[in-house]
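Dear colleague,

I am passing on the structure we spoke about. Please look through it alongside the notes below.

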Amino acid sequence: MKSTRREWVFVALLALGLPVQAMEPAAKEPIYIESDSLKIDDTKGVSIYEGSVVFRQGPDTLRADRLVIHSSERKEVDKIVATGAPARFDHEAVGPDEEDSWGEAETIEYHAGESLLVLNGSARFRQGENQFSGNRIEYESDKRLVRAGKSVAGEGRVQIVIHPRSDVRDESGAEPAQESPQQ
């Protein structure tokens, strides 16, 4: 199978160790939701929130016009589908190796069982200063795998902006020694 330049870009990103955290609800944290209306169908395991929806769980916030949560029989969240003009999530960094991130798209889906985040329709994702945009962006958080572009959406191009890391540290976490100029 012939590799495309786009595939090499993603291989390079992963090889560089580009950290790409995204909205992944913290299962142990409570969920807080605000909306103009709510419809719950326990028999189908679906709850629908409409009108200026705000979903908060741990370090994550999701804002949308409409939010549909699919739950299993055990009342655990299986899938979240947010739609808006655009729907948007924000993830606040919680650890020293994380950076704040956000994403927006016409539709944002989170599939809990697969640790898969899908941004569909005018999708944009940003972590720290690094940015991705395209018609569809998929991120598998457990594998740290990003897919975008024609191979995923069947159309469109992907735009990526990667900024160099500003602080280089050795394995101990200490900053490298500064060399003094030779006189």
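**Overall picture**

Of the 183 residues in the protein chain, 36% count as buried. Please keep in mind that this is a predicted model.

The secondary structure of the protein chain consists of 2 helices and 10 strands. Read from the N terminus, the order of its elements is α-β-β-β-β-β-β-β-β-β-α-β. If one takes the contacts between residues at least 6 apart in sequence, 41% of them join residues at least 24 apart. The chain exposes about 11900 Å², and 47% of that area is supplied by carbon and sulfur atoms.

**Glu104**

Strand β6, residues 101-111, contains Glu104. Is Glu104 buried or exposed? Glu104 counts as buried because its relative accessibility is 14%, and the cut-off for buried is under 20%. Which residues does Glu104 contact, once its neighbours within four places in sequence are left aside? On one stretch of the sequence they are Pro86, Ala87 and Arg88, and further along Leu119, Ser122, Ala123 and Arg124.

**A charged patch**

Glu92, Glu99, Asp100 and Glu129 form a negative surface patch. One of these residues, Asp100, is located in the loop between β5 (77-91) and β6. Strand β6 is also the strand in which Glu104 is found.

When you open the model, Glu104 with its contacts and the patch that includes Asp100 are the two places these notes describe at residue level.

Regards

Technical notes: Residues numbered from 1 in each chain as written. Predicted model: local features only at pLDDT ≥ 70, side-chain atom pairs only at ≥ 80, totals over all residues. Heavy atoms only, no water. Helix = DSSP H or I, 4+ residues; strand = E, 2+ residues; numbered from the N terminus. Buried < 20%, exposed > 50% of the residue type's maximum accessible area, 1.4 Å probe, protein only. Contact = heavy atoms within 4.5 Å. Areas by Shrake-Rupley, 256 points an atom, 1.4 Å probe, with all protein chains shown as cover. Patch = residues over 30% accessible without salt bridge, like charges linked within 9 Å, V, L, I, M, F, W, Y side chains within 5 Å. Salt bridge = Lys/Arg side-chain N within 4 Å of Asp/Glu carboxyl O. Lys, Arg positive; Asp, Glu negative; His and termini not counted. Charge placed at Lys NZ, Arg CZ, Asp CG, Glu CD.
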